[in-house]
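Here are my notes for someone opening this entry for the first time. Please read them with the structure in view.

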Amino acid sequence: MKTEPEFDSLVPAQSFDRRSFIVTSLGAGFALATQPVMAQTAIKTDETGIVAGEIKVPVKDGEMVAYRAVPGGMEKPPVVLLVSEIFGAHEYIRDVCRRLAKLGYCAIAPELFARQGDPRQISAIPEILEKITNKTPDAQVLSDLDACVAWAASKGADTKRLAITGFCWGGRIAWLYSAHNPALKASVAWYGRLVGMASPMTPKHPTELVGELKAPVLGLYGGLDSGIPLETVEAMEKALQHGSPAAKASEIHVYDNAPHAFHADYRPSYRKEDAEDGWRKMLAWFRKNGV
């Protein structure tokens with residue numbers, strides 16, 4: 001995949017109101033609310049053989065900062081959209097992008113909270129939820145993800161082979177995006193919330209969208225997740241059987257002894273064996289569905 005300077009001329013010049021974006025750079029390190037980081041388990045992926053760093057994605061109202069990692073010198077790599085937890089595109093998410101790039105994917109992690117604020121600089125999770133997450137509209141998020149796909153296409157990536165994956169808040173978005181984009185081939189939702197109250201920001205939740213799924217979803221959940229009751233996971237499994245063809249092709253796997261965020265290698269919730277198994281299942285799901 002070729003890098004930006006060779007392709008910038010292909011992107012139409014646009015006039016943006018950058019005042020609407022609070023976050024214009026990703027900074028470095030892990031989100032404050034996740035400290036202290038579990039250094040003994042946190043995975044560190046280098047940039048050997050890949051091109052990685054910040055990009056600016058043209059969106060409807062300006063430019064959105066994102067992190068992307070691509071294999072060096074590879075023509076038309078498939079695309080994986082990576083959606084963060086409530087902490088934004090911090091170091092863990094960027095590392096996952098690099099892991100995917102090492103496997104041949106163009107991985108893009110947008111800072112989807114850029115208009116609402118910077119969750120990486122807030123130390124209390126309730127404050128992140130109140131000030132940022134709960135004020136980020138689903139419609140805006142889905143539009144921003146579409147913009148990332150357009151950006152990837154403009155840079156020579158193969159958006160006909162398009163997948164999405166996300167963690168926690170991003171896991172829910174992975175379900176929603178599967179109902180949104182007919183070009184999507186595969187979706188993997190890591191412990192994403194399945195039910196909730198309707199609101200102007202979140203009008204529908206995954207259990208309500210099974211009839212609209214356009215790409216099959218692999219759901220990866222923890223049996224000990226106190227925030228996502230098993231009855232909601234079981235209800236989703238039943239609902240999928242009566243949904244769209246993509247819903248009927250979807251699968252859910254529950255790791256009985258895993259808590260929430262069991263893939264988050266930088267947190268005490270990390271469960272190495274389950275995380276590695278889920279990663280293998282994710283890659284197999286991508287391959288099975290042509291990504």
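How much space lies in the largest pocket? The points below start there and then turn to the aromatic rings and the strands. Note that this is a predicted model.

1. The largest pocket holds about 460 Å³ of space. It is lined by 23 residues, and those closest to its centre are Ile86, Leu129, Cys168, Trp169 and Arg193. In general terms, rolling a probe the size of a water molecule over the atoms shows where empty space is left.

2. The lining of the largest pocket is mixed in character: nine of its residues are nonpolar, eight are polar and six are charged. Two helices, α3 (125–131) and α5 (169–180), each contribute at least two residues to this lining.

3. Eleven aromatic pairs turn up when the whole structure is searched. One of them is formed by Tyr92 and Phe167, with ring centres 5.5 Å apart; the planes stand at 55°, so the pair counts as tilted. The cut-off matters here, because only angles over 60 degrees count as edge-to-face.

4. Where in the chain do Tyr92 and Phe167 sit? Tyr92 belongs to helix α2 (residues 91–102) and Phe167 to strand β5 (residues 158–167), so this pair links distant parts of the chain, 75 residues apart. Both Tyr92 and Phe167 are buried.

5. Tyr92 and Phe167 are also members of one aromatic cluster, together with Phe30, Trp190, Tyr191, Tyr255, Phe262 and Tyr266. Of these, Trp190 reappears below as a residue of β6.

6. Is strand β6 (residues 186–190) mostly covered or mostly open? It is mostly covered, with five of its five residues buried. In a regular strand the side chains alternate between the two faces of the sheet. For β6, Ala186, Val188 and Trp190 lie on one side, Ser187 and Ala189 lie on the other, and all of these are buried.

7. Which strands does β6 pair with? Strand β5 runs parallel to β6 and is joined to it by five bridges; within this pairing, Gly166 has Ala189 of β6 as its bridge partner. Between β5 and β6 the chain passes through α5, and this β-α-β crossover is right-handed. Helix α5 is also one of the helices that supply residues to the pocket lining.

8. Strand β7 (residues 217–222) also runs parallel to β6, and four bridges join the two. In this pairing Trp190 has Leu220 of β7 as its bridge partner. Trp190 is thus a buried residue of β6 and a member of the aromatic cluster.

Methods: Residues are numbered from 1 along each chain as its sequence is written. This is a predicted model: local features need pLDDT of at least 70, side-chain atom pairs count only at pLDDT 80 or more; totals for chains, interfaces and linings use all residues. Side-chain values use heavy atoms; hydrogens and water are left out. On a 1 Å grid over the protein atoms alone, a cavity is a set of points where a 1.4 Å probe fits but cannot get out, and a pocket is an open set with protein on both sides within 12 Å along at least five of seven lines; lining residues have an atom within 4 Å of a point. Grid points are joined across faces, edges and corners, and a volume is the space filled by probe spheres set on the points. Ala, Val, Leu, Ile, Met, Phe, Trp, Tyr, Cys and Pro count as nonpolar, Asp, Glu, Lys and Arg as charged, and the others, Gly among them, as polar. Rings of Phe, Tyr and Trp (its six-membered ring) pair if their centres lie within 6.5 Å; planes under 30 degrees apart count as stacked, over 60 as edge-to-face and the rest as tilted. Buried means under 20% relative accessible area, exposed over 50%, partly exposed in between (1.4 Å probe, protein chains only). Two strands pair if DSSP finds at least two bridges between them. A crossover is right-handed if, with the strands pointing away from the viewer, the path from the first strand over the helix to the second runs clockwise.
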